[in-house]
Every structure is written in C-alpha cells, then in structure tokens.
Amino acid sequence: MYMYPTYYYEDQVFLERQFPGLPGIPGFPQFPGQPGPPPYSQAPTAPPPAFIPQQQSASTFAVDPGAISFCLFRHTFIWLNNGARFWYYPIFVGPRSVAGFRWNGRFWTIFRIDTRQINSFSCF
C-alpha cells in the first residue's frame, strides 16, 4: 500500500482551515465527509506552450510557496533539483507542496511535488 507523505496531510489540514468546506484534490485520498472534486481542479484542455523557457536563476533554498502561488492556474515550467524539467499547471499551493497537473508529452496527469524539490520555476 502506498503511503502519502506527511506533507500531504499537513497541506490538506492547511487547506481545510483556509477554505472550510472546500473539496479535496482528485486522485488523492479524501477526508471523510468531503464531496467530489471541485470544478476548477480539472486538467487544462490544451497542451502547454510549444517552447521551453530559459532558466533564469537557480535557487539554493526551497522554493517559497508564496512565490509559486502567483503561478496558480497558469502554465508553469519547473526545474527540479535532480535535473528533471517539465510543464506544470498548479491548482493548489500548500505550506510545503504544490498540487496540479504535469504534462508528460502527450497529456496532463495529476501530480504533487514537495516545494523543497523545486530548483526554479517560471510561469506564463
């Protein structure tokens, strides 16, 4: 059985405190009594931009959730500490993670990432 990282539950509690009655994110476990996914949590209907942006600057610290929150519901290019890079469409930013949809080259898939794994990002 897959165990969700602790930060998922911390973010879920944070989300519930900030927005009482707001449903959870599809593809992740729901807390009892929560309805289905909200309408705004649907994946984008079109692919991301056809270009790969230039990485501006790398961060030696964890990405600030406040900074990446400006990218909510926008196409965002993410560079990870491990060298991976991809288009992302964030729909939720918590204290330690970002949830949204990752472009795999053919379609969008639900994806959650710890902000400490993000090296830099750029949103459009």
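Which residues does Tyr 88 touch, not counting residues up to four places away in sequence? In the predicted model, Tyr 88 touches Arg 74, His 75, Thr 76, Ile 78, Val 98, Ala 99, Gly 100, Phe 101, Arg 102, Trp 108, Phe 111 and Arg 112. Tyr 88 also belongs to the largest nonpolar core, and the description below places that residue within the overall arrangement of the chain.

The protein contains two helices and five strands. Along the sequence these elements follow the pattern α-α-β-β-β-β-β. Of the 124 residues in the protein, 40% are buried. Among contacts with a separation of 6 or more, 53% are accounted for by residues 24 or more positions apart.

In soluble globular proteins, nonpolar side chains tend to be buried together. In the present model, the largest nonpolar core comprises eleven residues, namely Val 63, Ile 68, Ile 78, Leu 80, Phe 86, Tyr 88, Val 93, Val 98, Phe 111, Ile 113 and Ile 118. At least two residues of this core are supplied by each of strand 1, strand 2 and strand 4 (108-114). The greatest contribution comes from strand 2, which gives three residues. Another core, of eight residues, lies apart from it and includes Trp 79, Trp 87, Tyr 89 and Phe 101. Of the residues touched by Tyr 88, Ile 78, Val 98 and Phe 111 are among the members of the largest core, whereas Phe 101, likewise touched by Tyr 88, is one of the residues of the other core.

Two rings of the largest core, Phe 86 and Phe 111, also take part in interactions with a charged side chain. The charged end of Arg 102 is positioned over the ring of Phe 86, at 3.8 Å from its centre. Arg 102 additionally lies over the face of Phe 111, where the distance to the ring centre is 4.9 Å. Arg 102 is itself one of the residues touched by Tyr 88.

Eleven aromatic pairs were found in a search of the whole structure. A pair of aromatic rings is described by the distance of the centres and the angle of the planes. For Phe 73 and Tyr 89, these values are 6.5 Å centre to centre and 75° between the planes, and the pair is edge-to-face. This pair links distant parts of the chain, with Phe 73 in the loop between helix 2 and strand 1 and Tyr 89 in strand 2 (residues 85-93), 16 residues apart. Phe 73 is partly exposed, because its relative accessibility is 36%. Tyr 89, by contrast, is buried, with a relative accessible area of 16%. The backbone of Phe 73 is also notable for a phi near 60°, a positive value in a residue other than glycine. Elsewhere, ring pairs connect Phe 51, Phe 77, Trp 79, Trp 87 and Phe 124 into a cluster. Trp 79 and Trp 87 of this cluster are among the residues of the eight-residue core.

The loop that holds Phe 73 also contains a cysteine of the one disulfide in the structure. This bond joins Cys 71 to Cys 123, with an S to S distance of 2.2 Å. The torsion about the S-S bond is about -65°, and the disulfide is therefore left-handed. Cys 71 lies in the loop between helix 2 (65-68) and strand 1 (76-80), while Cys 123 lies in strand 5, so the pair ties together parts that are 52 residues apart in sequence. Cys 71 is buried, with a relative accessible area of 0%.

Strand 5 (residues 118-123) also holds Ser 120, a polar residue that counts as buried because its relative accessibility is 7%. The side chain of Ser 120 makes a polar contact, at 2.7 Å, with the side chain of Gln 55. When neighbours within four places in sequence are left aside, Ser 120 is in contact with Gln 55, Ser 57, Phe 77, Ile 78 and Trp 79. Of these residues, Ile 78 belongs to the largest nonpolar core, and Phe 77 and Trp 79 belong to the aromatic cluster.

A contrasting position is found at Arg 106, in the loop between strand 3 (97-103) and strand 4. Arg 106 counts as exposed, because its relative accessibility is 71%. Arg 106 and Pro 47 are 59 residues apart in sequence, and their C-alpha atoms are 8.0 Å apart in space.

Methods:
Residues are numbered from 1 along each chain as its sequence is written. This is a predicted model: local features need pLDDT of at least 70, side-chain atom pairs count only at pLDDT 80 or more; totals for chains, interfaces and linings use all residues. Side-chain values use heavy atoms; hydrogens and water are left out. Helices (H or I, at least four residues) and strands (E, at least two) are DSSP runs, numbered from the N terminus. Buried means under 20% relative accessible area, exposed over 50%, partly exposed in between (1.4 Å probe, protein chains only). A polar contact is a pair of N or O atoms within 3.5 Å; within protein, one must be able to donate a hydrogen and the other to accept it, and residues adjacent in sequence count only if both atoms are side-chain atoms. Contact means heavy atoms within 4.5 Å. A disulfide is a pair of cysteine sulfur atoms within 2.5 Å. Rings of Phe, Tyr and Trp (its six-membered ring) pair if their centres lie within 6.5 Å; planes under 30 degrees apart count as stacked, over 60 as edge-to-face and the rest as tilted. A charge sits over a ring if NZ of Lys or CZ of Arg is within 6 Å of the ring centre and within 35 degrees of the ring normal. A nonpolar core is a set of buried Ala, Val, Leu, Ile, Met, Phe, Trp, Tyr and Cys residues joined through side-chain atoms within 4.5 Å.
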